[in-house]
Amino acid sequence: MMASSYNAKEEDGQLSGAAGSGGVGAGKSKKPDNTAFKQQRLPAWQPILTAGTVLPAFFVIGLIFIPIGIGLFVTSNNIKEFEIDYTGIDPASECYNCSQTLTWNSTKPCICKVPFTLEQSFESDVFMYYGLSNFYQNHRRYVKSRDDSQLNGDASSLTSPSKECEPYRTSDNKPIAPCGAIANSLFNDTLTLYYINPNGTESLVPLIKKGIAWWTDKNVKFRNPGGNNFNLTAVFQGTSKPVNWRKPVYELDTDPENNGFINEDFIVWMRTAALPTFRKLYRLIEKKNNMIPTLQRGNYTLDITYNYPVRRFDGRKRMILSTISWMGGKNPFLGIAYITVGSVCFFLGVVLLIIHQKYGNRNNSAEIPN
């Protein structure tokens, strides 16, 4: 049998000649052009999986992933975290009355105290978070309900907000600043932490409210209109506060560098969460003395100005105290995932090695009959 070479160009020439001889009356062929691409003759590489390549790959992946997973899991477990639910669902809860009577239209704040005990000291810097459950910040219309130009300090958008903000675009025939559903639902509970001394007196735990937002959000995405004009009352004149707010945006803080659109509590809230159960950074507790823990073990009281109603959407509210590590907050999932993948690969490598040792030699020594 003689080997024959295939020349696509020659065949292309023959086909074109044949088509040309048919004249105008010949019908156009639906056959794809005789090219390497359309006839699937492009050069290709297909790996041949053998025991010599597959087994080492499984063992290497297992030996790399398992130690990494153990390190991530141990690091996550070393992070100290304390969480307390203060929604007030249980009638015996200190915040039960607040949860049952509070609405968005309430003008008088409701205050409740929740005592708790820390079983172990928090040595490094502590991050205080507030958490919400069953709150879908990832809803499409909710995510779009904002005006980024207005939040960036654009004067025209301040007086004429985007239509994406509807139905929270205007109020009392005045433009709302900031407009949209995200800003309108701003979390406004006030949390204060006290340490109970052995003699029964309370000591206020200092909470830092600045430095909780992303640098790019604070310095790039959010700006007050009027530039360096700190007279925000005049800057926001002619606008209306969001419907569910109790005070206008220029009264969020007495600090001019943390007021208006650049208020860090507001900025943190405007970065929407991807899941219905989430936490957002509320305050920082810095370590001041290396000899004294940031939060000593003992009894504490959480004073809550209960302003944020969640009963309408069956939500839950909680306060979280947490330290962090080089990998961030407490998250055992990543370590467990690495350990699982590494263990599965190592197990498959052992199983395939046994199969190869048992049946591989038999196939190699098999003789082909004449």
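Two strands are taken to pair if DSSP finds at least two bridges between them, and the close-up views below, all drawn from a predicted model, use the word in that sense.

**View 1. Strands β3 and β8, with Tyr129 opposite Leu281.** Strand β3, residues 126–133, runs antiparallel to β8 and is joined to it by seven bridges. Within this pair, Tyr129 stands opposite Leu281, a residue of β8. Strand β8 covers residues 278–285 and is mostly covered, seven of its eight residues being buried.

**View 2. The open sheet that holds β3 and β8.** Four strands make up this open sheet in the order β1-β10-β3-β8, and their pairing is antiparallel. Its edge strands are β1, residues 81–85, and β8, each of which pairs on one side only. From one strand to the next, the twist averages 20°. Strand β3 is also joined to β10, residues 316–322, by seven bridges, and these two strands run antiparallel. Here the bridge partner of Phe127 is Ser322, which belongs to β10.

**View 3. An open sheet with the strand order β2-β9-β6-β7.** This open sheet is likewise formed by four strands with antiparallel pairing. Strands β2 (110–118) and β7 (202–204) lie at its edges, each pairing on one side only. Neighbouring strands of the sheet are turned by 30° against each other on average, when direction is ignored.

**View 4. The bridges between β6 and β9.** Strand β6, which comprises residues 190–196, runs antiparallel to strand β9, residues 298–306, and six bridges join the two. One of the residues to look for is Tyr195, whose bridge partner in β9 is Tyr300.

**View 5. Helix α2 from end to end, residues 51–77.** Because a rise of 1.5 Å a residue is expected, the 27 residues of this helix should span 39 Å, and the 38 Å that separates its end C-alpha atoms agrees with that value. The buried residues of α2 are Leu55, Gly62, Gly69, Leu72, Thr75 and Ser76.

**View 6. The surroundings of Asp217 in helix α8.** Asp217 lies in α8, a helix that takes in residues 215–221. Its relative accessible area is 3%, so Asp217 is buried, the cut-off for that term being under 20%. When neighbours within four places in sequence are left aside, Asp217 is in contact with Phe222, Ile267 and Arg271.

Notes. Residues numbered from 1 in each chain as written. Predicted model: local features only at pLDDT ≥ 70, side-chain atom pairs only at ≥ 80, totals over all residues. Heavy atoms only, no water. Expected span 1.5 Å × (residues − 1). Buried < 20%, exposed > 50% of the residue type's maximum accessible area, 1.4 Å probe, protein only. Contact = heavy atoms within 4.5 Å. Axes fitted to C-alpha atoms, helices over the stretch in contact; angles between N-to-C directions.
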